[in-house]
Structure formats: C-alpha cells, structure tokens
Amino acid sequence: MDFRDLGDGRMLRRPAVNLEDLATDATLLRGHFELDERRIAGDHSGVRGEGSVTRSLLAGTGLAGASLGPVDCTDTVFDGVDLSNSRWSDVTARRVELTGCRATGWAVSLDRLEDAGFYHCRFDFSVWECRRSAGIVLFENCTFRDASFSGQLDGFVFRNCNFEGIHFDASSAVGSDLRDSRLQGMRGLITLRGAQISADQLTEVGEILAAEIGITIR
C-alpha cells in the first residue's frame, strides 16, 4: 500500500494502481460499466451511466455534463479530467486521487469518501454532499469560488486553498484542518465543529464568526 506522509503524523493512503500496465479502454461510461485496470481517455461528455471503476486511470477524459450514479470508484486516479457541470450521485470513493481536474459546477453526492487526494483542482460553483467520510480527505492548491460543501466533513484537510466564496454546511468536521488555507470570504464557519485553525487565524476567524451571528464590529 502506497502512503503520502502529511508530515504531522498523518498518513494518506494513495490509490493502489500500477499506471504503467493499464490497457486502454475505449468503452464509453454509458449504461452499466464495470472497468478494472483500464486507462480511460477520450470524450465522454453528456453520457449517462452507472457502475464501477477500479484500479484505473482517467487521463484527460472529458466528462463535462455527464450524469453518473450510482458509482463506485476504488484505487482510481483522475488526471486532467473535465468534470464541469456533471452530476454524480450515490458515489462511493475509496483511495482516489484527482490532479489538475476542472470540476466547475460539479454536483456530487457521496455516500462514502475515504482516503482521497485532490490537487490543483477547480471546484468553483460545485455542490458537494458527503454523507460519510473516513481516513483523510486532502485538498491542496484548490479553489472553491461559490462552492457548497455539506454533510460529514470529518478528516478534511485543506492546504494552500482559497476559500473565497465557499459555503460550508457541515454536520461534523472532527479532525478537519484549515490551518494552511486562506479563510477570507468563506461562509458557514460556525458549522465546522471539531475543525482546527492556527493562532494566526484567530482574528480572521473572529471577524467571520461575528458576521455569521450578526455582530457588528466598529
């Protein structure tokens, strides 16, 4: 099992997939699909389907406007995938990694999210609902302009992210880590019970919380 050391005693489990040995599959993610150890590329924009993707790579794949679900993704890597304006429902994702993905307007409903890494992705205008999270869910160098994140956000770690315009509506956020991100412009901070901030963020957090509960600072 491959791990990423976050440097503070936490370890993120990475996808267990051998990217060099994958066979290219031209199958569209349409109807019912069960893909295992496949490299999936090409344009799948607007498709409708359900199924599973296991030990696979989606590289430069076009999924704009797609409607997928239920979907089970395990040990899968998404590299430069276009997820804009797509809708994913009843998703289970374990040990997944998304890098450089365009997820503007992505609406995703997650039954379970476990050990996931999101790197240099754009989640502007996206809508997330996470019913259950486990392990570590890492966001690094991501943007969330006018995005909405709700549900169980336990173990969500944000590093060098821009929260301008994001709205949180968390049921819990135990172990979530906001210490390395810019909080200015976020909403719903009061719902992130159990999250961690740094001492340097206290002033910023105080201003956000005051605005959320209707206190005017003069």
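Where is Phe 125 found? In this predicted model, Phe 125 sits in the loop between S9 and strand S10 (127-130). Its backbone is worth a look, since phi of Phe 125 is near 65 degrees, a positive value in a residue other than glycine. With a relative accessible area of 42%, Phe 125 is partly exposed, because that class covers values between 20% and 50%.

**Other backbone details**

A second residue with this trait is Asp 90, which is not a glycine either and has a positive phi of about 50 degrees. Asp 90 belongs to strand S8. Its relative accessibility is 33%, so Asp 90 counts as partly exposed. If you are checking omega angles, look at Gly 69 and Pro 70 too: a cis peptide bond joins them, with omega at about 0 degrees. Pro 70 is placed in strand S7.

**Inside the protein**

How many cavities of 30 Å³ or more are there? The count comes to 2, and here they are next to each other:

| Cavity | Space | Largest share of the lining | Lining by class |
|---|---|---|---|
| Largest cavity | about 120 Å³ | S8, 5 residues | 14 nonpolar, no polar, no charged |
| Second largest cavity | about 40 Å³ | S7, 4 residues | 9 nonpolar, no polar, no charged |

Which residues come closest to the centre of the largest cavity? Of the 14 that line it, these are Val 91, Ala 93, Val 96, Leu 98 and Trp 106. Strand S7 (67-79), strand S8 (87-99) and strand S9 (107-119) each supply at least two residues of this lining.

The second largest cavity has Leu 29, Phe 33, Val 53, Leu 58, Leu 68, Val 71, Cys 73, Phe 78 and Trp 88 around it. Two elements give two or more residues to its lining, namely strand S6 (48-59) and S7. Strand S7 therefore deserves a second glance: it gives the most to the lining of the second largest cavity, under the DSSP-based naming of elements, and it also supplies at least two residues to the lining of the largest cavity.

**On the surface**

Turning outward, Ile 190, Ile 213, Ile 215 and Ile 217 make a nonpolar surface patch of about 390 Å². One of them, Ile 217, lies in the segment after helix H1 (202-212). Is Ile 217 buried or exposed? Its relative accessibility is 59%, and because the exposed class starts over 50%, Ile 217 counts as exposed.

Terms used
Residues numbered from 1 in each chain as written. Predicted model: local features only at pLDDT ≥ 70, side-chain atom pairs only at ≥ 80, totals over all residues. Heavy atoms only, no water. Patch = residues over 30% accessible without salt bridge, like charges linked within 9 Å, V, L, I, M, F, W, Y side chains within 5 Å. Areas by Shrake-Rupley, 256 points an atom, 1.4 Å probe, with all protein chains shown as cover. Salt bridge = Lys/Arg side-chain N within 4 Å of Asp/Glu carboxyl O. Buried < 20%, exposed > 50% of the residue type's maximum accessible area, 1.4 Å probe, protein only. 1 Å grid on protein atoms, 1.4 Å probe; cavity = no way out; pocket = protein on both sides within 12 Å on 5 of 7 lines; lining within 4 Å. Points joined across faces, edges and corners; volume = space filled by probe spheres on them. Nonpolar A, V, L, I, M, F, W, Y, C, P; charged D, E, K, R; others polar.
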